[in-house]
Amino acid sequence: MPSKFSSTLLLLLSILMSIQLLVSAGNFYRDVDITWGEGRGKIQEGGRGLSLSLDKLSGSGFQSKNEFLFGRFDMQLKLVPANSAGTVTTFFLSSQGEGHDEIDFEFLGNVSGQPYTVHTNVYTQGKGNKEQQFHLWFDPTAAFHTYTIVWNPHRIVFLVDNSPIRVFNNHESIGIPFPKSKAMKVYCSLWNADEWATQGGRVKTDWALAPFTAYYRNINIDGCAVSSGTSSCKSIGSTNNAKPWQTHELDGKGRNRLRWVQSKHMVYNYCADSKRFPQGFSEECKRSRF
């Protein structure tokens with residue numbers, strides 16, 4: 001598929017996704033708690049938006065009020081503009097306690113004119129090492145874009161403006177752990193990680209430019225809320241009246257978009273890093289990525 005046509009198609013998908021979220025978006029007052037930052041996190045636009053700021057003293061963050069076992073989680077973000085080196089903006093799911101599960105979107109800042117790195121990872125029972133990284137096909141600081149995690153018992157799908165960039169399938173049948181038993185909350189934060197975030201830590205945060213600010217908008221969670229060990233979903237395995245995310249898998253168009261993103265925009269894949277894993281790659285790397 002020609003690159004110009006692909007970029008136009010992805011832009012149209014972005015517009016359609018934004019319209020959908022305007023209709024179905026949640027409310028930050030209702031859905032989240034600002035948990036740290038001493039006033040650096042601010043809910044705006046009557047609950048539709050939220051800003052997080054970072055200065056030399058502290059970053060800031062928030063988390064969902066509820067925890068979930070499976071769901072679709074959409075968030076629109078506009079990242080720190082210009083020189084964002086050293087900063088990390090996050091949108092992820094995580095359980096608590098020892099041997100936690102986690103599904104990550106992290107946005108690693110860069111010097112002006114250089115692209116953000118979108119860092120994805122999956123932790124199960126406290127173990128990650130499943131990193132894939134991407135450079136986006138647009139400027140994520142110029143406007144809001146939608147980032148999505150779809151998590152069901154079969155797979156985890158990472159999407160940007162409703163286009164899949166990564167699929168992590170359940171390969172428990174070959175001994176690969178998959179997060180499916182621990183409820184997770186949504187977490188978002190803006191923090192300083194200049195010891196590693198930008199060009200391997202070679203470029204540090206320029207505090208003369210602080211405060212740095214990232215914007216979140218139109219949170220939308222459609223999932224199985226868990227309270228006192230009880231899920232709000234009757235049966236995640238049933239196909240009767242199932243929501244689309246419960247059986248989500250890529251169709252032909254989705255597979256084509258995934259191929260395009262991974263061939264043109266992936267900059268790191270743990271399944272191809274022989275220096276890091278000289279003993280050989282994890283078994284799921286040998287299986288289909290769809």
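**Notebook: disulfides, strand S6 and the two glutamates**

I began with the cysteines: the disulfides of the protein follow the pattern 1-2, 3-4, with the bonded cysteines counted along the chain. The model I am looking at is predicted, and the disulfide count in it comes to 2.

**Entry 1, the cysteines.** I looked up Cys224 and Cys233 and found them joined in a disulfide, with the sulfur atoms 2.0 Å apart. I get -95 degrees about the S-S bond, so this link is left-handed. Buried here means under 20% relative accessible area. Cys224 has 1%, so I noted it as buried. Cys233 has 22%, so it goes down as partly exposed.

Then I turned to Cys271 and Cys285, another disulfide, S to S 2.0 Å. This link is left-handed as well, at -75 degrees about the S-S bond. Both cysteines sit in the segment after strand S16 (266–269), 14 residues apart. Cys271 is buried at 18%, and Cys285 is partly exposed at 21%. I also checked Cys188, which is buried with a relative accessible area of 2%.

**Entry 2, the whole protein.** I stepped back for the totals. I have 3 helices and 16 strands, and buried residues make up 52% of the 290 residues. Of the contacts with a separation of 6 or more, 68% come from residues 24 or more positions apart. The accessible surface is about 13,600 Å², and 50% of that belongs to carbon and sulfur atoms.

**Entry 3, strand S6.** Why do I call strand S6 largely enclosed? Because 8 of the 8 residues in S6 (residues 87–94) are buried, the rest of the structure largely encloses it. I went through the faces: Thr87, Thr89, Phe91 and Leu93 are buried on one side, and Val88, Thr90, Phe92 and Ser94 are buried on the other.

Next I looked for the partners of S6. Strand S13 (residues 185–192) runs antiparallel to S6 and is joined to it by 8 bridges; in this pairing Ser94 stands opposite Lys185. Strand S7 (residues 102–108) also pairs with S6 in the antiparallel sense, over 7 bridges, and there Thr89 stands opposite Phe107.

**Entry 4, the annotated glutamates.** Where does UniProt put the "active site" feature? The unreviewed entry has it at Glu102 and Glu106. Strand S7 holds Glu102, and Glu106 lies in S7 too.

Are these glutamates buried or exposed? Glu102 counts as buried at 12% relative accessibility, and Glu106 is buried at 13%.

I listed neighbours, leaving out residues up to four places away in sequence. Glu102 touches Phe92, Leu93, Ser94, Asn121, Val122, Tyr123 and Met184. For Glu106 the list reads Val88, Thr89, Thr90, Thr117, Val118, His119 and Trp196.

**Entry 5, His100.** Which side chain makes a polar contact with the side chain of Glu102? I found His100, at 2.7 Å. His100 has its place in the loop between S6 and S7. With the same four-place exclusion, the residues His100 touches include Ser94, Ser95, Tyr123 and Lys182. Ser94 and Tyr123 also appear among the contacts of Glu102.

Definitions and conventions. Residues are numbered from 1 along each chain as its sequence is written. This is a predicted model: local features need pLDDT of at least 70, side-chain atom pairs count only at pLDDT 80 or more; totals for chains, interfaces and linings use all residues. Side-chain values use heavy atoms; hydrogens and water are left out. Buried means under 20% relative accessible area, exposed over 50%, partly exposed in between (1.4 Å probe, protein chains only). Helices (H or I, at least four residues) and strands (E, at least two) are DSSP runs, numbered from the N terminus. Two strands pair if DSSP finds at least two bridges between them. Contact means heavy atoms within 4.5 Å. Accessible areas come from the Shrake-Rupley method with a 1.4 Å probe; for residues, only the protein chains shown count as cover. UniProt positions are given in the numbering used here, feature names are shortened, and annotations may be inferred rather than shown by experiment. A polar contact is a pair of N or O atoms within 3.5 Å; within protein, one must be able to donate a hydrogen and the other to accept it, and residues adjacent in sequence count only if both atoms are side-chain atoms. A disulfide is a pair of cysteine sulfur atoms within 2.5 Å.
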